[in-house]
Amino acid sequence: MALSVLDLFSVGIGPSSSHTVGPMRAARRFTAELADAGLLTSAARVKAELFGSLGATGIGHGSDAAVVLGLAGHDPESVDTVAAPGIVAGAASSGKLALGGEHEVAFDRARDVVLHRRRSLPGHPNGMRLSVFGHDGAVLAEREYYSVGGGFVVAAGEGPAPAGGADGAAEPYPFASADELLRRCRESGLSIAGVMLANELTRHSEEKLRAELLRIWEVMRECVENGCTRTEATLPGGLKVRRRAPELRRRLREQEAARTVEDPLWAMEWVNLYALAVNEENASGGRIVTAPTNGAAGIIPAVLHYFTRFVRGANEDQVVDFLLTAGAIGSLFKRNASISGAEVGCQGEVGSACSMAAGALCAVLGGTPEQVENAAEIGIEHNLGLTCDPVGGLVQVPCIERNAIASVKAINAARLALAGDGDHRVSLDQAINTMRQTGADMKSKYKETSRGGLAVNVVEC
């Protein structure tokens, strides 16, 4: 399966890539398939059933609302995040839903959106079944989908995406492991970003790719700004978690203006701010870049903000290289393990994002491909075994602070790798394989079900 960097970094909506973005995309895809089959206008009612982790934490993750938005024809990249709650509420109150945005069907939210908290589908912990009924009550069509992490959706029985780029064009430097990626770099003389770029050019022109990556960067910056300027004192949901980004930025700016800063870790204060701002915005259902998931969406933006703000001479070419390098590393996690918290725990989300950010930062700081691989390995090695146990099923505690901690960890991993020559004992491939095995051994209650860990030891108030 060949992955594009634009698959790993996509614009969506919070709070979750697997529980919000994925279900919305699946529901929208279902209506498109109905239209293609000529069944849309024959529909009288539609039903969505969420299973496994989607059913267990779907309310806190907004999965039920996301399905309604997708059935109404909305896409996570373009849906109006401010208007979205009203769209869902309007369908519930009117008892009508514009399927695919064009054909009205009867809609009873309590009956037609069902969360199965203790039932699962066989293909993946994040399963959903969508059914459409005719006027006589008979099933016109039924399809099962799986949200497999990072907003990626596959239908039941669907095989992996074909290798290669647009129109099946062969990639010049295909790689399925970090070892193979390093070999491609040695043989070609290219950096990891260079190898990734050459492969991407089988899908996109260089001009288009650059423009899209810089647009991704712009959305990341807008997300930080939005997270710093929200006026609500607390995040949505029953935990009443206090927003910290607006006050933290105000304090940092005041200290900067007064020139009273003497803290040798001043830069880390800003890294914390960037990560908190992104993940508080994500928790608010705002516009977000899935990087590679929403639960870990603050890490790569925080480290990239750190680079552009505190490293002299940072430029847009390096931003592009950063994202290409991160994409190459992320594709290895997606291919050889998982980026789904429901499948392998938070090591697959925060761990993979930390690894991606560490390797990417090492690259733009002048690291060799071997040092980049070392940085990426350090990033994941010290997140192995990380559980996904969101309190109240919300992407808030411990998720928000966890992104800040992992961002600083990524920067330290890059610096450790740059202090060496790239030679190290544990390879990235070995660490990724260990993450996959650890995820398989991890009890399901620690994999985005809110039935273990902090989720049961912290009293919701």
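A crossing of two helices is left-handed if the near helix is turned anticlockwise from the far one by less than a right angle, and right-handed if clockwise. Helices (H or I, at least four residues) and strands (E, at least two) are DSSP runs, numbered from the N terminus.

The model is predicted: local features need pLDDT of at least 70, side-chain atom pairs count only at pLDDT 80 or more, and totals for chains, interfaces and linings use all residues. Residues are numbered from 1 along each chain as its sequence is written, and side-chain values use heavy atoms, with hydrogens and water left out.

**Exercise 1. Describe how helix 12 packs against helix 13.**

Step 1. Take the geometry. Two packed helices are described by the angle between their axes and the distance between the axes. Helix 12 and helix 13 (residues 316–336) pack at about 150°, and their axes are 11 Å apart. Axes are lines fitted to C-alpha atoms, for helices over the stretch in contact, and angles run from 0 to 180 degrees between N-to-C directions.

Step 2. Classify the angle. Helix 12 is roughly antiparallel to helix 13. The cut-offs are: under 35 degrees roughly parallel, over 145 roughly antiparallel, 65 to 115 roughly perpendicular, the rest oblique.

Step 3. Assign the hand. The two helices, 12 and 13, cross in the right-handed sense.

Step 4. List the contact (heavy atoms within 4.5 Å). Helix 12 supplies Ile300, Val303, Leu304, Phe307 and Thr308; helix 13 supplies Gln318, Val319, Phe322, Leu323 and Ala326.

Step 5. Sort by class. The contact of helix 12 with helix 13 has eight nonpolar residues, two polar and no charged. Ala, Val, Leu, Ile, Met, Phe, Trp, Tyr, Cys and Pro count as nonpolar, Asp, Glu, Lys and Arg as charged, and the others, Gly among them, as polar.

**Exercise 2. Do the same for helix 11 and helix 12.**

Step 1. The axes of helix 11 (residues 266–283) and helix 12 (residues 299–310) come within 8 Å. They cross at roughly 140°.

Step 2. Helix 11 and helix 12 are therefore oblique to each other.

Step 3. The crossing of helix 11 and helix 12 is right-handed.

Step 4. From helix 11, the contact uses Trp266, Ala267, Met268, Trp270, Val271, Tyr274, Ala275 and Val278. From helix 12 come Pro301, Ala302, His305, Tyr306, Arg309 and Phe310.

Step 5. The class count for helix 11 with helix 12 is twelve nonpolar, one polar and one charged.

**Exercise 3. Place strand 6 among its partners, and decide whether it is buried or exposed.**

Step 1. Check accessibility. Buried means under 20% relative accessible area, exposed over 50%, partly exposed in between (1.4 Å probe, protein chains only). Eight of the eight residues of strand 6 (residues 126–133) are buried, so the strand is largely enclosed by the rest of the structure.

Step 2. Split the faces. Asn126, Met128, Leu130 and Val132 point one way; Gly127, Arg129, Ser131 and Phe133 point the other way.

Step 3. Find the partners. Strands pair if DSSP finds at least two bridges between them. Strand 2 (residues 45–51) runs antiparallel to strand 6, joined by seven bridges. Leu50 has Met128 as its bridge partner. Strand 7 (residues 139–149) also pairs with strand 6 in the antiparallel sense, over seven bridges. There, Val132 stands opposite Ala141.

Step 4. Inspect the turn. Strand 6 and strand 7 form a hairpin with five residues between them. Gly137 in this turn has a positive phi of about 90°.

**Exercise 4. Collect backbone exceptions in the loops.**

Step 1. Recall the baseline. Most residues other than glycine have a negative phi, and most peptide bonds are trans.

Step 2. Pick out cis bonds. The Ala291 to Pro292 bond is cis, with omega near -5°. Pro292 sits in the loop between strand 9 (287–290) and helix 12. The Val397 to Pro398 bond is cis too, with omega near 5°. Pro398 is in the loop between helix 16 (369–381) and helix 17.

Step 3. Pick out positive phi. Lys240 is not a glycine, yet its phi is about 55°. Lys240 is exposed, at 61% relative accessible area. Glu448 is not a glycine either, and has a positive phi of about 60°. Glu448 is buried, at 3%.
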